[in-house]
Amino acid sequence: MKDPNLKDKIKETVEDIWGSVFRHGYKDTPRNRILQIISNVWLHLHPARVREHGTKLRFTWCMGGITFFVFLVEVVTGILLMFYYTPDVNKAFADTMDLMYTVPFGRLMRNVHRWGAHAMVITVSIHMFRVFLTGSYKPPRRFNWVIGVFLLLLTFLLSFTGYLLPWDQLGYWAITVGMNMGRATPLFGHEGPFSQFLGMTANNDIRFSLVGGTTIAAPALLRAYVWHCIAIPVIATALMIVHFWRIRKDGGISGRL
Amino acid sequence: METTEKDRCDTSETGENIWFTFSRRHILSLAGWGLFFAALGGYLIRFFWFKHGFFYPKVLFEPSPKFTIGEPKIFAEHSVTKLKSRRVFIVRNGDRFKALSVVCTHLGCAVEFSEKKDIFECPCHGSKYYRNGINFAGPAPRPLDNFEIVLDYTGRLVVDKSKSVSVETELIV
């Protein structure tokens, strides 16, 4: 243990491990500032440089960023709620009440998830409003606007599918009404225009495929659960990646090009 | 590309780098962030804390460990009765009763009673126990658990699986 070089050896090992994780030391140069962004897996979707006006809150309102933050909150609280929730008609409501009254922090998690859902619809709408007002949908950002419209629809669908999950009267009848509107879908809903050309009936139209039956029952609950917890979040995440990446590709965050 | 002094990040008016200098200019900002992360960390620790955190439910939907099994006379004079859903054997020898766990003390399989040999046998690794629950062969390290068995005021037997008693304990009715 009396190795005089021991201290140096330890220092070398620590620096070795550190260097294997962080490939670049932080010497504050313009080049390193760019490397910090482009060599980081979480940040490399973003532009390495942002124009000064891009940081002006009065222009962007940061509503897209806040929407993404709320989405992350929804992911975290949603995963935690899934630990106590069973998508079964005999258990769903009891599990929800359990979360409200017995699980430690269960009520907090459910309320954060619910209010976060409301907030996300609001912030995503304000984001779209701002993009419209500043004309940020114009070329070359046209495609990103289209992706944004799909993300807006996915946000609404997340709210809609989440509504049924507590299996209470409110959600049950909301989904009943919403799905009955699906009957009027042109071509694919059995009460919609032109549906006779495709031979649509109550047990083969678009509503039937979404509900998994002709009434809102156990298959509808399971489908809402899978769409809400897995399918739509995965699709939305994929679109979000493209959405953020296109900001860089289309010339950076809002402002004149 | 060589880095010149001009390229350095001289963001504050004094020409000092904000990342590595704690100036009075930033004391409130640092204090604010420090409080924010301290509060956030406190909440997170409390949220995931053992015994009282989110992952420790306060209400369980499991069968009660204490249950009534009926009057003594429903068990034959000299018998071993398996209550499968309760996972206990009721052993009766004349007027003496025992409640034995069906869980093998080796690795937790369910033991079976053999009427012919008058012993308990474990199907997994061949542990064997006498009729009184004492292990005598195989890898089992100790006797089958004995649970408390009592008569309640209506004259019915009550087993409490949350209370273990010694191997010699018997209820004499």
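Trainee: In this predicted model, which residues does A99(B) touch, leaving out those up to four places away in sequence?

Mentor: The partners of A99(B) are V88(B), I90(B), N146(B), F147(B), I149(B) and V159(B). Each pair counts as a contact because the two C-beta atoms, placed from the backbone, lie within 7 Å.

Trainee: What makes A99(B) stand out in the largest nonpolar core?

Mentor: The number of members touched: of the 19 residues in that core, A99(B) and V88(B) touch the most others. Four strands of chain B, namely β3 (88–93), β4 (96–101), β9 (146–151) and β10 (157–165), each supply at least two residues of this core. The most comes from β3(B), which gives four residues. Elsewhere there is a second, separate core of 13 residues, with L164(A), L165(A), W167(A) and A220(A) among them.

Trainee: How many residues of α1(B) are buried?

Mentor: Zero out of 22, and α1(B) is accordingly described as hardly covered. To be buried, a residue needs 20 or more other C-beta atoms within 10 Å of its own. Over chain B, buried residues make up 14% of the 173 residues. The chain has one helix and eleven strands, and the helix comes at the N-terminal end of the order.

Trainee: How do you know that the span of α1(B) agrees with its number of residues?

Mentor: Helix α1(B) covers residues 27–48, and at 1.5 Å a residue it should span 32 Å; the end C-alpha atoms are 31 Å apart, so the two values agree. The same kind of check can be made in chain A. There, α6(A) has 28 residues and reaches 40 Å from first C-alpha to last, close to the 40 Å expected.

Trainee: Which residues of α6(A) are buried, and what covers them?

Mentor: The buried residues are G106(A), M109(A), R110(A), G116(A), A117(A), M120(A), T123(A), V124(A), H127(A) and V131(A). Their cover includes α4, α5 (92–101) and α7 of chain A. Just after α6(A), G135(A) takes a positive phi of about 65 degrees.

Trainee: Why is the packing of α7(A) against α8(A) called oblique?

Mentor: Helix α7 (residues 142–164) and helix α8 (residues 169–182) of chain A pack at about 130 degrees, with axes 7 Å apart. Roughly perpendicular covers 65 to 115 degrees and roughly antiparallel needs over 145. The angle fits neither class, and α7(A) is therefore oblique to α8(A).

Trainee: Which residues make that contact between α7(A) and α8(A)?

Mentor: From α7(A) come F160(A), Y163(A) and L164(A); from α8(A) come G171(A), Y172(A), A174(A), I175(A) and G178(A). Six of the residues in this contact are nonpolar, two are polar and none is charged.

Trainee: How do you know that the peptide bond between P139(A) and P140(A) is cis?

Mentor: From omega, which is about 5 degrees for that bond. P140(A) sits in the loop between α6 (106–133) and α7 of chain A.

Trainee: Why does W61(A) count as partly exposed, and F194(A) as exposed?

Mentor: W61(A) has 19 C-beta neighbours inside 10 Å, so it counts as partly exposed; buried would need 20 or more. F194(A) has 10 such neighbours and therefore counts as exposed, a class for 12 or fewer. W61(A) has a positive phi of about 65 degrees although it is not a glycine, and F194(A) likewise has a positive phi of about 65 degrees without being a glycine. W61(A) is in the loop between α3 (57–60) and α4 (63–82) of chain A, while F194(A) is in the loop between α8 and α9 (195–198) of chain A.

Trainee: What makes S254(A) a buried residue?

Mentor: S254(A) has 21 C-beta neighbours inside 10 Å, so it counts as buried. It lies in the segment after α11 (218–249) of chain A. Beyond four places in sequence, S254(A) is in contact with G54(A), F59(A), T60(A), T134(A) and S136(A).

Trainee: Is I66(A) of helix α4(A) buried or exposed, or in between?

Mentor: In between: with 17 C-beta neighbours inside 10 Å, I66(A) counts as partly exposed. From I66(A) to Y84(A) is 18 residues in sequence and 28 Å in space, C-alpha to C-alpha.

Technical notes: Residues are numbered from 1 along each chain as its sequence is written. Chains are lettered from A and ligands numbered from 1 in the order in which they are written. This is a predicted model: local features need pLDDT of at least 70, side-chain atom pairs count only at pLDDT 80 or more; totals for chains, interfaces and linings use all residues. Axes are lines fitted to C-alpha atoms, for helices over the stretch in contact, and angles run from 0 to 180 degrees between N-to-C directions. Angles under 35 degrees count as roughly parallel, over 145 as roughly antiparallel, 65 to 115 as roughly perpendicular and the rest as oblique. Ala, Val, Leu, Ile, Met, Phe, Trp, Tyr, Cys and Pro count as nonpolar, Asp, Glu, Lys and Arg as charged, and the others, Gly among them, as polar. The expected span of a helix is 1.5 Å times one less than its number of residues. A nonpolar core is a set of buried Ala, Val, Leu, Ile, Met, Phe, Trp, Tyr and Cys residues joined through C-beta atoms within 7 Å.
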